[in-house]
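Please open the model in a viewer and keep the sequence panel at hand. The tour below proceeds by selection.

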Amino acid sequence: MILHDLTAGMHPRRVRIFLAEKGLSIERREVDAASGANSQPEFLRLNPLGKLPVLELDDGSAIAESLAICRYLETMSPDPPLMGRTPREAAHIEMWTQRMDNELSRPIAETFRHGNDFYRGRIEQVPEVATWSRGRAVQTMRWLDGELAGRRHIAGDEYSMADIVAQCACVLGKFTGLRIPPELTYLSRWFSEVTARPSARA
């Protein structure tokens, strides 16, 4: 297998952390998205949307979308479990993973896309989208702080895929100036703990 990667990307980071937590090592190929390598025919053969990451399998087929890649890897290497042991646990973690993706990761990503110079000239930036998304992300952080008052991790007591998604979102948030407000003590505690894990440096 080959992981077509982008070191600075939020979604590729999810997969690298997932692999590190599993203790898995696969070939990694960095894609120079800044120069447009992900829009070339060779890459579009793997993912017509031109997005990263992409997991290329041994038979030449490919899986795109970070959560789909992690689901595949979880099935292939179930220990340690990051997406649940039982059907009920798996559904609970999936629920929280989707919440983190929709309510935290996406607003932070849109803040970056519509407010950062990196995307200037690459997409049509709408400053109002960045402003709204920033407010939405902070609103989610405040809600999540309350949730974490009663448990160690996003979906329960154990580290899971939901934590990975939220963790990567907050890392991008720091880069875009959208940091966790210091008064959110439970969320700050959680972020300090998850970023202290060895996998966070993957």
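Begin by selecting Met10, His11, Leu52, Arg113 and Tyr119: of the 35 residues that line the largest pocket, these lie nearest its centre. The model is a predicted one, and the space in this pocket comes to about 1,300 Å³. Sorted by class, the lining comprises 18 nonpolar, 7 polar and 10 charged residues.

Next, colour helix 1 (10-22), helix 3 (66-76), helix 4 and helix 6, each of which supplies at least two residues of that lining. Which helix gives the most to the lining? Helix 4 does, with 7 residues.

Now isolate helix 4 (residues 87-115) together with helix 6 (residues 161-175); their axes come within 8 Å and cross at roughly 10 degrees. Helix 4 is therefore roughly parallel to helix 6, and the crossing is left-handed. To inspect the contact, display side chains on both helices: from helix 4, the participants include Trp96, Met100, Leu104, Ile108 and Phe112, while those from helix 6 include Val165, Ala169, Leu172 and Phe175. This contact divides into 15 nonpolar, 3 polar and 1 charged residues.

Keep helix 6 in view and add helix 7 (residues 185-195), whose axis comes within 11 Å of that of helix 6 and crosses it at roughly 100 degrees. The two are therefore roughly perpendicular to each other. Select Asp163, Ala166, Gln167, Cys170, Val171 and Lys174 in helix 6, which meet Trp190, Phe191, Val194 and Thr195 in helix 7. By class, this contact holds 6 nonpolar, 2 polar and 2 charged residues. Finally, pick out Ala166 and Cys170 of helix 6, which belong to the contact with helix 4 and also to the contact with helix 7.

Terms used. Residues are numbered from 1 along each chain as its sequence is written. This is a predicted model: local features need pLDDT of at least 70, side-chain atom pairs count only at pLDDT 80 or more; totals for chains, interfaces and linings use all residues. Side-chain values use heavy atoms; hydrogens and water are left out. Axes are lines fitted to C-alpha atoms, for helices over the stretch in contact, and angles run from 0 to 180 degrees between N-to-C directions. Helices (H or I, at least four residues) and strands (E, at least two) are DSSP runs, numbered from the N terminus. Angles under 35 degrees count as roughly parallel, over 145 as roughly antiparallel, 65 to 115 as roughly perpendicular and the rest as oblique. A crossing is left-handed if the near helix is turned anticlockwise from the far one by less than a right angle, and right-handed if clockwise. Contact means heavy atoms within 4.5 Å. Ala, Val, Leu, Ile, Met, Phe, Trp, Tyr, Cys and Pro count as nonpolar, Asp, Glu, Lys and Arg as charged, and the others, Gly among them, as polar. On a 1 Å grid over the protein atoms alone, a cavity is a set of points where a 1.4 Å probe fits but cannot get out, and a pocket is an open set with protein on both sides within 12 Å along at least five of seven lines; lining residues have an atom within 4 Å of a point. Grid points are joined across faces, edges and corners, and a volume is the space filled by probe spheres set on the points.
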